[in-house]
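Reader: Could you take me through this one and show how each label is earned?

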Amino acid sequence: MEEKYVKAAQDILACMGGKDNIASAAHCATRLRLVLKDESLINKDALENVELVKGNFNNGGQFQIILGTGIVNNVYAEFIKMANITEMTKEELKKQAAKKMNPLQKLLKTLADVFVPILPALVASGLLMGINNILTAQGMFVEGKSLVEAFPKIKDFAEMVNLFSNAGFTFLPVLIGFSAAKIFGGTPILGAVIGAIMIHPDLMNGYSYGQALLDGTVPYWNIFGLSVAKVGYQGTVLPVIASAFCLSFVEKKLRKIVPAMLDNIVTPLLSVLIAGAMTFLFIGPVMRGVGDAMTNAVMWLFFDLGSVGGLIYGVTYPLLVITGMHHSLVTAETQILANIGTLGGSPTFAVVAAANCAQGAAALAVMFRMKNDPKMKSLASASGISSLLGITEPAIFGVNLKLRYPFYGALIGGGIGAAYATLVKVLSVSQGPCGVIGVICIRPDCMLQFMVSMVIAVVCAFAATMVLGGVFGKKEKAAAENHTQKPAKDMHEIEDKAEKVIFAPIQGNVIPRENIPDETFASGVLGDGVGIEPETGEVVAPFDGEISSVTKTRHAIGITGPGGMELLIHVGVDTVKMDGDGFAVFVSEGDKVRAGQRLMTFDISKIKAAGYSTTSAVLLTNSDDYPSCTVLKTGTSKQMEKIITVE
């Protein structure tokens with residue numbers, strides 16, 4: 001084993017508080033994933049100075065250290081020897097990490113796990129609702145009229161868009177039931193059935209329940225002497241999740257006791273019958289009350305506390321992003337939007353957008369300050385723009401938290417922008433990208449104030465970061481000086497300095513690296529390159545070289561080529577969780593390969609069915625060793641077309 005891997009493993013172990021602090025460890029294609037006994041023992045300052053470490057972050061009880069392909073497996077091999085622990089799979093590590101969470105963390109993580117898979121449906125519905133707003137808003141483009149009124153020929157088109165936009169929220173319990181049952185270990189389609197039962201048209205519409213209760217007109221079933229409200233659960237979230245949990249619990253118990261020959265008939269029947277009955281008797285009424293209380297708490301925070309409530313939410317949100325728990329906030333947001341007719345809109349969207357834009361502004365301030373550090377300057381600019389569009393992880397983990405003072409500057413700016421947005425009551429009518437382009441999701445009469453809120457957040461965060469940088473930026477300046485003084489010996493060690501070509505290893509649509517739907521890849525922390533949205537499930541060698549790494553889950557391959565190029569081909573996003581299902585690899589570490597030789601195949605339909613993006617990363621992980629890494633083309637590309645040149 002090379003000395004650099006041994007030293008990196010030693011240094012990382014020391015930064016983690018020694019071997020006695022390591023509970024378990026695993027790795028994926030690029031990251032070392034650790035579960036620690038006491039995270040307060042981590043020395044992050046020292047960790048950032050370890051030669052092979054490209055970044056770190058904490059998520060879901062795992063401390064993840066970004067090393068890169070071809071490096072992580074070698075460092076991991078040494079690390080587990082030094083820590084005296086056994087090798088562990090990602091799923092085992094995930095379970096180990098979950099044990100460290102307190103009950104509140106587990107609850108928030110569960111809510112996040114339920115909503116993350118259905119977010120694309122909610123975002124699509126939200127953006128369609130934004131388009132509907134533009135078409136129907138009075139006076140936005142034509143004085144005193146909407147576009148539909150000014151141009152009657154588009155009336156039917158507007159109605160169609162409105163139908164499309166409402167579908168996701170109308171049948172939301174079905175989507176939630178499916179996702180929740182899958183998370184809780186039940187049969188997803190039975191979860192969807194429970195969701196469908198809860199919004200069946202024979203029930204009184206849930207939106208009418210409040211008034212019917214006041215009028216005394218609520219319909220009831222008489223079930224063995226019990227009066228059960230015959231009311232649906234439209235516009236609710238928590239009752240469906242709780243019912244799906246009940247369904248999954250009953251189903252798993254039944255599968256243990258029902259004979260195999262009757263399992264496929266008896267288990268689904270009893271699971272739906274018992275869970276459905278429990279839903280209308282107990283679960284639904286109780287969880288409806290809890291959900292209403294949660295919604296009322298959020299509305300109290302914004303409408304009663306006003307700008308103070310917005311300030312609190314705006315400052316707290318980025319802190320939740322660090323832990324990954326921000327996805328759980330979708331619960332309250334979804335319930336508010338599902339009752340938009342009553343509430344008039346959601347106040348949380350503008351606040352989150354202000355917090356996101358502030359993170360981007362802080363990163364852009366770093367770009368102006370880091371004139372002597374090209375790598376950080378490039379990362380700050382790309383991640384800053386990404387944050388303004390609503391994707392903050394690259395800026396938070398790659399720039400702001402690393403230097404600290406930009407994160408504080410972002411909290412200041414985000415809090416002020418959020419306070420203003422709450423003060424002037426900026427309301428959204430749908431979900432969507434929480435950045436400046438999210439203006440399409442804002443109520444037409446609030447759009448101008450939304451943009452003012454974003455400007456305030458950006459200006460305040462930028463200014464605060466520049467001021468804090470002048471006070472606390474000595475460490476940053478020293479790091480930049482060390483970077484410029486570092487001898488460029490790596491280039492002198494490259495025997496062949498001629499321009500090298502990287503051919504497309506996958507046929508499909510080539511997209512800029514920044515558009516890859518994974519913050520680590522998009523930020524450039526693992527190197528420059530492109531993403532490819534595959535049309536066929538085959539990966540070939542992009543040049544003559546040697547296979548440097550093949551992940552056990554077969555979803556990623558590292559290959560070393562001419563001039564020392566180290567390339568990572570990572571198929572899909574988060575596909576490590578598929579544990580190799582749908583992937584086949586035809587090479588091993590150390591194999592010599594020729595350009596165009598088949599390396600791997602993968603099943604696109606299986607990846608999509610599992611809920612993961614098929615967008616694949618093709619990254620030059622040692623791009624910092626070269627003067628230039630130029631993307632030659634984006635758009636449709638066949639295998640073995642030139643896509644990147646390296647000088």
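Author: What follows is a short run of questions and answers on the helices and a sheet of this structure.
This is a predicted model, where local features need pLDDT of at least 70, side-chain atom pairs count only at pLDDT 80 or more, and totals for chains, interfaces and linings use all residues. Residues are numbered from 1 along each chain as its sequence is written, and side-chain values use heavy atoms, with hydrogens and water left out.

Reader: What makes up the protein chain, in helices and strands?
Author: It has 25 helices and 20 strands. Those are DSSP runs numbered from the N terminus: H or I with at least four residues for a helix, E with at least two for a strand.

Reader: Why is α20 called largely enclosed?
Author: Buried means under 20% relative accessible area, with a 1.4 Å probe and protein chains only. In α20, 14 of the 19 residues are buried, so the rest of the structure largely encloses this helix. For the protein chain, 51% of the 647 residues count as buried.

Reader: How do you know what span to expect for α21?
Author: The expected span is 1.5 Å times one less than the number of residues. For the 26 residues of α21 (447-472) that gives 38 Å, and the end C-alpha atoms lie 37 Å apart, which agrees. Helix α20 reaches 27 Å from first C-alpha to last, close to the 27 Å expected for its 19 residues.

Reader: Which helices do the buried residues of α21 pack against?
Author: They pack against α17 and α20, where contact means heavy atoms within 4.5 Å. The buried set in α21 includes Met447, Phe450 and Leu468.

Reader: At what angle do α17 and α20 cross?
Author: Roughly 145°, with the axes of α17 (348-369) and α20 (405-423) coming within 7 Å. Axes are lines fitted to C-alpha atoms, for helices over the stretch in contact, and angles run from 0 to 180 degrees between N-to-C directions. Among the residues making the contact are Ala354 and Arg369 of α17 and Phe407 and Gly414 of α20.

Reader: Why are β10 and β14 called edge strands?
Author: Strands pair if DSSP finds at least two bridges between them. The open sheet runs β10-β16-β14, with antiparallel pairing. β10 (538-540) and β14 (583-585) each have a single partner strand, so one side of each lacks a neighbour in the sheet.

Reader: How many bridges join β10 to β16?
Author: There are 3, and the two strands run antiparallel. One of the partnerships is Val539 with Met600 in β16.

Note on methods:
Buried < 20%, exposed > 50% of the residue type's maximum accessible area, 1.4 Å probe, protein only.
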